[in-house]
Amino acid sequence: KGVDREFKKNIHSILDQDYPNYEVKFVVESQDDEACRTLRQLGINDVLIAGRASDCGQKVHNLTYAVKHAGTAADVYVFCDSDARFDRQWLSKLTTPLETSIVTTGYRWYVADRFHIPTLLRSAWNASVVSMLGDHSRNFAWGGSMAMRRATFEDLQIVEAWRGSVSDDYAITRASERAGTKIIFVPECLVPSHGECTWQELLEFTTRQITITRVYHPRLWRIAFAAQIIFSAAFFGLPFTLPALWLAVYLLSAAKAWVRIGAVRSVLPDAALSSFGWFYILFSPLAALLYLYNMVRSALGTDIVWRQIHYRLVSPNQTRVLGDSGGRES
């Protein structure tokens with residue numbers, strides 16, 4: 001929905017995959033959407049028009065519509081977002097590990113092309129989530145870079161899991177956990193997302209993510225809330241009581257960010273990484289403070305804005321569409 005920064009480059013990266021046999025389905029809400037017009041300017045005429053969602057998230061509605069129009073020849077379903085930039089081997093890397101009853105996933109990396117504090121803080125905030133993914137059984141699916149065999153999709157009853165949901169990937173994660181289906185994180189499928197954000201967009205995006213977590217994974221939300229309270233209280237209180245301990249906490253936080261940056265550099269091209277790695281390391285407590293703000297805000301209600309649409313999250317399978325927000329939030 002809408003045209004993201006460098007939208008055309010992103011679309012070309014999807015169409016230019018080094019993969020022998022694949023078909024791309026682009027799906028939008030309305031033919032009046034600027035994204036639809038731009039796709040047709042690029043010579044892409046087979047654009048699916050899903051219509052407006054009435055009882056679920058617009059993305060979930062679009063994906064449900066797209067899957068129903070994917071045709072029976074598709075053996076594997078791959079999902080991706082239009083604000084990400086994919087390298088030519090992305091599709092091959094994401095689908096290579098696929099077996100029956102396996103979901104593969106990548107994750108996003110927000111690129112900061114210049115020193116712009118809200119954009120850098122969004123990247124640092126998002127980067128902390130990357131650390132949760134790895135070679136273990138606790139992975140979650142991310143809808144911007146995700147694949148599974150059609151048989152797995154049908155066995156997990158994903159269309160039913162999406163019913164009434166605002167979150168495509170949380171619904172898939174929950175369905176996979178119930179069925180004992182393994183979610184494999186493919187580090188090489190960490191994908192860069194370009195574009196800057198304002199302070200308002202930063203707060204809206206981060207709070208939306210935490211609010212969704214509160215509804216779809218309340219236990220994780222409660223644990224994270226408690227952890228943020230403890231960390232923030234210790235970090236911002238210790239300088240006045242135990243400065244040596246405060247320094248130790250700060251250095252450990254910086255070291256964790258430094259290790260994370262090193263890991264990301266091993267899988268992303270230099271063009272996707274800014275020259276501001278020091279920001280992630282030195283200002284990691286600021287990202288923690290932003291998390292605490294998000295937690296408090298999400299505790300006060302479950303309304304979110306996503307791509308200019310206002311939603312109220314009642315439960316994992318009950319979403320109220322409240323109408324257009326009139327904003328620019330992405």
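1. Strand β8, which spans residues 309-315, is joined to β9 by six bridges, and the two strands run antiparallel. One of the pairs across this junction sets Ser315 opposite Gln318, its bridge partner in β9. The model discussed here is a predicted one, and every value in this note should be read with that in mind.

2. These two strands belong to an open sheet of three strands, in the order β7-β8-β9, with antiparallel pairing. β7 (303-306) and β9 (318-324) stand at the edges, and because each has a single partner strand, one side of each is left without a neighbour in the sheet. From one strand to the next, the twist averages 30°. Helix α9, residues 199-216, packs on this sheet and touches β7, β8 and β9, with a direction that makes about 130° with that of β7.

3. There is also an open sheet of four strands, in the order β3-β5-β4-β6, and its pairing is mixed. Here β3 and β6 take the edge positions, each with a single partner strand, so one side of each is left without a neighbour in the sheet. Neighbouring strands of this sheet are turned against each other by 15° on average, with direction ignored.

4. The mixed character of the four-stranded sheet can be followed through strand β4. With strand β6 (residues 182-193), β4 pairs in the parallel sense over eight bridges, whereas its pairing with strand β5 (residues 145-149) is in the antiparallel sense and rests on three bridges. On the β6 side, Tyr107 stands opposite Leu190, and Thr104 has Ile184 as its bridge partner; on the β5 side, the bridge partner of Val103 is Met148. As background, strands of a sheet pair through backbone hydrogen bonds, either parallel or antiparallel.

5. How many of the residues of strand β4 (residues 102-110) are buried? Nine of the nine are, so the strand is largely enclosed by the rest of the structure.

6. The count of salt bridges comes to 18, and one of them brings together the side chains of Arg5 and Asp113, at 3.3 Å from N to O. Arg5 lies in the segment before α1 and Asp113 in the loop between β4 and α5 (117-130), so the pair ties together parts that are 108 residues apart in sequence. Both partners fall in the partly exposed class, Arg5 with a relative accessible area of 39% and Asp113 at 44% relative accessibility.

7. A salt bridge also forms between the side chains of Arg149 and Asp75, at 2.6 Å from N to O. This pair links distant parts of the chain, since Arg149 is in strand β5 and Asp75 is in the loop between α3 (58-68) and β3 (76-80), 74 residues apart. Arg149 is partly exposed, with a relative accessible area of 26%, and Asp75 likewise counts as partly exposed, at 48% relative accessibility.

8. The side chains of Glu23 and Lys25 meet in a salt bridge as well, at 3.5 Å from N to O. Glu23 counts as exposed at 58% relative accessibility, while Lys25 counts as partly exposed at 28%. In addition, Lys1, Glu29, Arg52 and Asp324 are linked in a network of salt bridges.

9. Asn10 is found in helix α1, which covers residues 7-15. Is Asn10 buried or exposed? Its relative accessible area is 1%, and it is therefore buried, the class being set at under 20%. Leaving aside neighbours within four places in sequence, Asn10 is in contact with Arg5, Ser82, Asp83, Ala84 and Arg85; the Arg5 of this list is the residue whose side chain meets that of Asp113 in a salt bridge.

10. On the surface, a nonpolar patch is formed by Phe115, Ile117, Trp199, Phe236, Trp278, Leu282, Phe283, Leu286 and Leu289, which together have about 800 Å² of accessible area. The elements that give two or more residues to the nonpolar patch are α12 (277-282) and α13 (284-299). Leu289, one of its members, is found in helix α13 and counts as partly exposed, at 36% relative accessibility.

Methods
Residues numbered from 1 in each chain as written. Predicted model: local features only at pLDDT ≥ 70, side-chain atom pairs only at ≥ 80, totals over all residues. Heavy atoms only, no water. Patch = residues over 30% accessible without salt bridge, like charges linked within 9 Å, V, L, I, M, F, W, Y side chains within 5 Å. Areas by Shrake-Rupley, 256 points an atom, 1.4 Å probe, with all protein chains shown as cover. Salt bridge = Lys/Arg side-chain N within 4 Å of Asp/Glu carboxyl O. Buried < 20%, exposed > 50% of the residue type's maximum accessible area, 1.4 Å probe, protein only. Pairing = 2+ DSSP bridges. Axes fitted to C-alpha atoms, helices over the stretch in contact; angles between N-to-C directions. Contact = heavy atoms within 4.5 Å.
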